[in-house]
Amino acid sequence: MQRTRLSTLFDTLANQLNRWLLNPWRRLSIIIISLLGGNFFGVALASISGQAAEQDVVIAAVVVTVAEGINRLVYSRQRDRNRVSPEARTPLVYEALNAIKIGTLYALAVEAFKLGS
C-alpha cells in the first residue's frame, strides 16, 4: 500500500491510541464501561422483546448464539495464547466483547428473577 498522508495519519492515530490503552487503569475503565453498557443493553433487550411476547424464542436463540460465538472467540484464543507465550496479552477488543456479554447475560438473569418473584 502506498504511504499517503491519510494512511500516515491513520497509522499515527492508531499508534497513539495503542500507547494510550497500554495504561492498566484505562484498560480497566474501558472494560467497566463495556460491562455497564452490556447491562444496559440486556435490560433494554428484555423490556423491548417482552412487550409483544411474540419473539421471545427468537431473541433467546440469537442471544445464546452470540454469547457462544463470543465465548469461542475469546476462550479459544486464550487456549492458543497459553501454548505460544504466557506473556501475550488478550486484546482489549476481546476483553470488551466479553464484558459486554457478561453484562448482558447478568441483566437478563436479573430480569428473569424479577419476573419470577
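Me: Leaving out residues up to four places away in sequence, which residues does Leu105 touch?
Reply: In this predicted model, Leu105 has its place in helix α4, and its relative accessible area of 38% makes Leu105 partly exposed. Along the chain Leu105 is 62 residues from Val43, while in space the two C-alpha atoms are 9.6 Å apart. Once residues up to four places away in sequence are set aside, the residues that Leu105 touches are Val63 and Ala67.

Me: How many helices and how many strands does the secondary structure of the protein come to?
Reply: Reading along the sequence, one meets the pattern α-α-α-α. That pattern goes with a secondary structure of zero strands and four helices.

Me: In which helix is the confidence of the prediction lowest, and in which is it highest?
Reply: For the protein, the mean pLDDT is 87, and 88% of the residues reach 70 or more. Among the helices, confidence is highest in α4 (residues 92-116), at a mean of 92, and lowest, at 83, in helix α3 (residues 56-84). The lowest is therefore helix α3 and the highest helix α4, where pLDDT is the predictor's confidence in each residue.

Me: What distance separates the end C-alpha atoms of α4, and what span should its 25 residues have?
Reply: The expected span follows from 1.5 Å a residue, taken over one less than the number of residues. For the 25 residues of α4 this gives 36 Å, and the end C-alpha atoms agree with it, as they too are apart by 36 Å.

Me: Is Ser34 buried or exposed, and with which residues is it in contact beyond its neighbours within four places in sequence?
Reply: Ser34 lies in helix α2 (residues 24-52), and its relative accessible area is 12%. Because buried means under 20%, Ser34 counts as buried. Leaving aside neighbours within four places in sequence, the residues in contact with Ser34 are Ala96, Ala99 and Ile100.

Me: How far apart are the C-alpha atoms of Ala96 and Arg27?
Reply: Ala96 is found in helix α4, where it is buried at a relative accessible area of 13%. Arg27 is buried as well, with a relative accessible area of 9%. Although their positions lie 69 residues apart along the chain, the separation of their C-alpha atoms is 9.2 Å.

Me: Which parts does the salt bridge of Arg27 and Glu95 tie together?
Reply: The side chains of Arg27 and Glu95 meet in a salt bridge, with 3.5 Å from N to O. The pair joins parts that are 68 residues apart in sequence, since its two members belong to separate elements, helix α2 and helix α4. Of the two, Glu95 is partly exposed, at 23% relative accessibility, whereas Arg27 is buried, at 9%.

Me: By about how much of the helix are Lys114 and Glu111 separated?
Reply: The structure holds three salt bridges, and one of them is made by the side chains of Lys114 and Glu111, at 3.0 Å from N to O. Lys114 is exposed, with a relative accessible area of 52%, while Glu111 is among the buried residues of α4. Because they are three residues apart in helix α4, the separation of Lys114 and Glu111 is about one helical turn.

Me: With which residue does Asp11 form a salt bridge?
Reply: Asp11 counts as partly exposed, at 36% relative accessibility. Its partner is exposed, as Arg3 has a relative accessible area of 60%. The closest N and O atoms of the pair are 2.8 Å apart, and the residue that bridges to Asp11 is Arg3.

Me: Which residues make the nonpolar surface patch of about 400 Å²?
Reply: One member, Leu13, is found in helix α1 (residues 5-21). Leu13 counts as partly exposed because its relative accessibility is 43%. The patch, at about 400 Å², is made by Leu6, Leu9, Phe10 and Leu13.

Me: What share of the accessible surface of the protein belongs to carbon and sulfur atoms?
Reply: Buried residues make up 21% of the 117 residues in the protein. The accessible surface comes to about 9000 Å², and the share of it that belongs to carbon and sulfur atoms is 66%.

Me: Among contacts with a separation of 6 or more, what share is accounted for by residues 24 or more positions apart?
Reply: One pair that is distant in sequence has already appeared, namely Arg27 and Glu95, whose side chains meet in a salt bridge. Over the protein, taking contacts with a separation of 6 or more, the share from residues 24 or more positions apart is 70%.

How values were computed
Residues are numbered from 1 along each chain as its sequence is written. This is a predicted model: local features need pLDDT of at least 70, side-chain atom pairs count only at pLDDT 80 or more; totals for chains, interfaces and linings use all residues. Side-chain values use heavy atoms; hydrogens and water are left out. pLDDT is the predictor's confidence in each residue, from 0 to 100. Patches are made of residues with over 30% relative accessible area and no salt bridge: like charges are joined within 9 Å, nonpolar side chains (Val, Leu, Ile, Met, Phe, Trp, Tyr) within 5 Å. Accessible areas come from the Shrake-Rupley method with a 1.4 Å probe; for residues, only the protein chains shown count as cover. A salt bridge is a side-chain nitrogen of Lys or Arg within 4 Å of a carboxyl oxygen of Asp or Glu. Buried means under 20% relative accessible area, exposed over 50%, partly exposed in between (1.4 Å probe, protein chains only). Contact means heavy atoms within 4.5 Å.
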